[in-house]
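Please walk me through this structure, beginning with its central sheet and ending with the backbone and the aromatic rings. Give the cut-offs behind each term as it comes up.

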Amino acid sequence: MLYSQLCETYEELEKNPSRLKKTSILSDFLTKLKNSNQAEIIYLIQGRVFPDYSEKEFGISEKLAIKALSKASGISDKLIIEKWKKLGDIGQVAEETMKNKKQGILFSHPLTVKKVLDNLKKLPELEGKGTIEKKLSLISELLTSATSKESKYLVRTLLQDLRVGVAEGVLRESIVDACFNKEKLEKEEIKKIIDGVQEAYDKSTDWKLVFEQACKGLSYLEKTSLEPGKPVKVMLFLKEDTIEKGFERVGRPCLIDFKYDGFRVMINKDEKGSIKIFTRRLDNVTAQFPDIVEFAKKYVKAKTFILDAEAVGFDPKTKIYQPFQAVSQRIKRKYHIEKLVKELPIEISVFDIIYYNGKSFLKEPYKERRKIIEKIITTSSYKIKASEAIITDNIKDAENFYKKAIAAGEEGIMMKNLEAPYKPGARVGYGIKIKPEENELDLVIIKAEYGTGKRVGWLTSYTLACRDKNKFLEIGKVSTGLKEKTELGLSFKELTKKLKPLIIKESGREVEVKPKLVVTIVYQNIQSSPTYNSGYALRFPRITRLRLDRSTSDITTLNEVEKEFERLKR
Ligand code: ATP
């Protein structure tokens with residue numbers, strides 16, 4: 001297939017914000033892809049070239065993309081940067097630059113999708129001396145053959161910012177429409193197929209594989225299995241205000257366990273005995289956590305498994321549990337890991353298992369999964385244990401357990417349906433969390449402002465946004481909660497360091513940043529407000545946490561803001 005054909009689809013998708021229309025555009029495209037042996041193109045539709053579980057990255061900065069554009073167009077870096085400052089969107093910059101490319105630089109031959117895939121797939125493999133030059137040459141080779149429209153999408157893909165708005169739901173429905181003849185099917189059969197596609201994705205985290213299986217039929221989708229060593233999306237939970245409501249949601253009796261304030265890890269052991277650890281964003285953090293690897297090998301008796309657990313840091317001297325912020329620095333650490341293991345040890349509390357001794361346990365009732373956890377984990381204090389839990393149908397016992405959790409310094413409790421399966425990636429009511437009342441939202445920073453006086457040189461005021469489908473909507477500004485000094489966790493300096501590489505536009509003291517950095521905000525109230533395009537404003541917001549473990553798909557949605565607004569009005 002020619003890359004230009006794919007770009008036409010990109011363009012149509014970009015132009016049509018309606019989910020229905022997007023689904024119809026994409027299903028037409030996928031119908032053409034069926035049985036073509038080119039299912040990999042589905043990754044490009046996602047703006048990737050590898051499956052979602054893969055952590056391979058192109059490692060292309062805006063600067064390098066500009067250099068490549070300059071090389072392919074014959075236009076100087078300087079002029080391109082000026083254009084970038086004016087336009088903001090580098091894809092658009094690429095398009096305009098290539099439109100005006102110098103005479104004499106003719107494009108050689110039409111670009112094929114295969115060539116794009118080939119070159120892009122080579123990028124993450126490059127290492128060591130000369131990497132930059134090699135990357136530059138792989139990209140400029142593509143850009144030289146690309147038309148201006150193709151350049152726009154190429155550069156956006158390289159910078160992992162495709163912006164055509166194909167979310168999971170659109171992909172799922174388009175695959176169903178392309179691979180099954182819905183007109184001939186009953187409503188229930190269609191539902192079964194939609195669920196089958198979603199389940200196959202949840203188990204494999206790979207849309208290409210799902211598409212290929214869907215082309216062959218439902219029974220193939222159903223054969224997709226979990227594989228320890230390959231990350232799976234975690235199941236998420238809802239929130240309730242009271243234990244009574246909790247019981248209503250999850251049924252009686254239910255299991256109640258401590259809600260630990262750490263970060264989520266999925267611990268995998270494959271047939272070769274190799275352990276891999278993934279975060280909820282599917283990042284592989286095995287190298288950062290040799291301690292977890294050791295605990296999983298020593299204290300979990302099973303040939304293969306995928307455990308769902310919370311990692312909580314504690315002070316090695318006082319044994320006091322540390323807030324999430326303290327451990328979070330271990331997630332990204334590349335050097336001196338052993339030192340950090342000693343300074344910031346962690347304890348693992350396992351609360352679920354989804355794969356055990358060669359078999360998926362996704363569909364087993366939670367009570368059976370919990371039994372396995374208790375059977376295979378040898379409790380080892382301050383290393384690994386099953387989460388502290390009770391099973392009860394009694395409000396008094398539940399309340400006492402909640403008090404116990406708070407007294408132990410935990411965040412609260414989780415109440416879980418004993419009969420429920422595990423649904424990867426879904427925020428379902430199979431479990432709910434209860435924690436002391438605090439108004440909290442996870443939001444993403446989309447703009448920031450340089451400070452003055454003693455805060456000069458640092459970005460000190462941040463514009464926050466919630467999400468509405470693929471759009472980010474402003475909901476307030478925050479500049480408190482942070483320290484001037486670098487301390488454990490949050491400081492202006494640290495946040496500035498994290499935001500600077502994300503800057504996409506500067507005007508005066510204000511900068512616009514790529515929506516990437518997620519923070520937890522505590523606030524006093526929500527007001528309706530014409531100032532921000534979400535229609536709401538937070539009163540007295542304060543940053544309490546940097547959430548490097550969260551992506552923008554995890555942040556608070558406009559819908560949730562609306563619900564909070566209504567709740568707080570009461
Ligand atoms: P929060 O911001 O309140 O931690 P969240 O957005 O992280 O919530 P939720 O699904 O709402 O995610 O809450 C569950 C989270 O709590 C899990 O992602 C997990 O990291 C953590 N957790 C701690 N202890 C448990 C437990 N016993 N069972 C399930 N999750 C737990």
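**A mixed sheet, its helices and its ring pairs**

This is a predicted model, in which local features need pLDDT of at least 70 and side-chain atom pairs count only at pLDDT 80 or more, while totals for chains, interfaces and linings use all residues. Residues are numbered from 1 along each chain as its sequence is written, and side-chain values use heavy atoms, with hydrogens and water left out.

Helices (H or I, at least four residues) and strands (E, at least two) are DSSP runs, numbered from the N terminus. Two strands pair if DSSP finds at least two bridges between them. Strands of a sheet pair through backbone hydrogen bonds, either parallel or antiparallel.

Five strands form an open sheet with mixed pairing, in the order β1-β11-β10-β2-β9. The edges are β1 (236-239) and β9 (389-392); each has a single partner strand, so one side of each is left without a neighbour in the sheet. Direction ignored, neighbouring strands of this sheet are turned by 35° against each other on average.

Starting from the β1 edge, β1 pairs with strand β11 (residues 427-434) in the parallel sense over four bridges. Leu238 has Ile432 in β11 as its bridge partner. Strands β10 and β11 run antiparallel and are joined by four bridges, with Ile413 opposite Ile434 in β11. On the way to the other edge, β2 and β10 pair in the antiparallel sense over six bridges, and Phe258 stands opposite Ile413 in β10. Ile413 thus appears in both pairings, facing Ile434 and Phe258.

How many residues of β10 are buried? Six of its six residues are, and the strand is mostly covered. Here buried means under 20% relative accessible area, exposed means over 50%, and partly exposed lies in between (1.4 Å probe, protein chains only).

Two helices can be followed against this sheet. Contact means heavy atoms within 4.5 Å. Axes are lines fitted to C-alpha atoms, for helices over the stretch in contact, and angles run from 0 to 180 degrees between N-to-C directions. Helix α14 (residues 243-250) lies across β1, β2, β9, β10 (412-417) and β11, and runs at about 160° to β11. Helix α18 (residues 366-376) packs on the sheet as well, touching β2, β9 and β10, and its direction makes about 55° with that of β2.

Another helix pair is formed by α4 (residues 62-73) and α6 (residues 90-99), which pack at an angle of about 10° with their axes 10 Å apart. The two are therefore roughly parallel to each other, a term for angles under 35 degrees. Glu62, Ile66, Leu69, Ala72 and Ser73 in α4 meet Ile90, Ala94, Thr97 and Met98 in α6.

The backbone has some less common features. Most residues other than glycine have a negative phi, and most peptide bonds are trans. Arg252 and Pro253 are joined by a cis peptide bond, with omega about -15°, and Pro253 is placed in the loop between α14 and β2. Leu282, in the loop between β4 (275-278) and α15 (290-299), has a positive phi near 70°. Leu282 counts as buried at 7% relative accessibility. Tyr382 also has a positive phi, of about 60°, and lies in the loop between α18 and β8 (384-386). At 27% relative accessibility, Tyr382 counts as partly exposed.

Tyr382 also leads to the rings. A charge sits over a ring if NZ of Lys or CZ of Arg is within 6 Å of the ring centre and within 35 degrees of the ring normal. Lys319 lies over the face of Tyr382, at 5.3 Å from the ring centre, and Lys359 lies over the face of Phe361, at 4.6 Å.

Rings of Phe, Tyr and Trp (its six-membered ring) pair if their centres lie within 6.5 Å; planes under 30 degrees apart count as stacked, over 60 as edge-to-face and the rest as tilted. A search of the whole structure finds 12 aromatic pairs. Among them, Tyr201 and Trp207 have ring centres 4.2 Å apart and planes at 5°, so the pair is stacked. Tyr201 is buried at 1% relative accessibility, and Trp207 is buried with a relative accessible area of 1%. The rings of Phe258 and Phe401 have centres 5.0 Å apart and planes at 35°, so this pair is tilted. The pair links distant parts of the chain, 143 residues apart: Phe258 is in strand β2 (residues 254-259) and Phe401 in helix α19 (residues 395-407). Phe258 is buried at 7% and Phe401 at 4%. Ring pairs link Phe258, Tyr260 and Phe401 into a cluster.

How values were computed:
Parallel < 35°, antiparallel > 145°, perpendicular 65-115°, else oblique.
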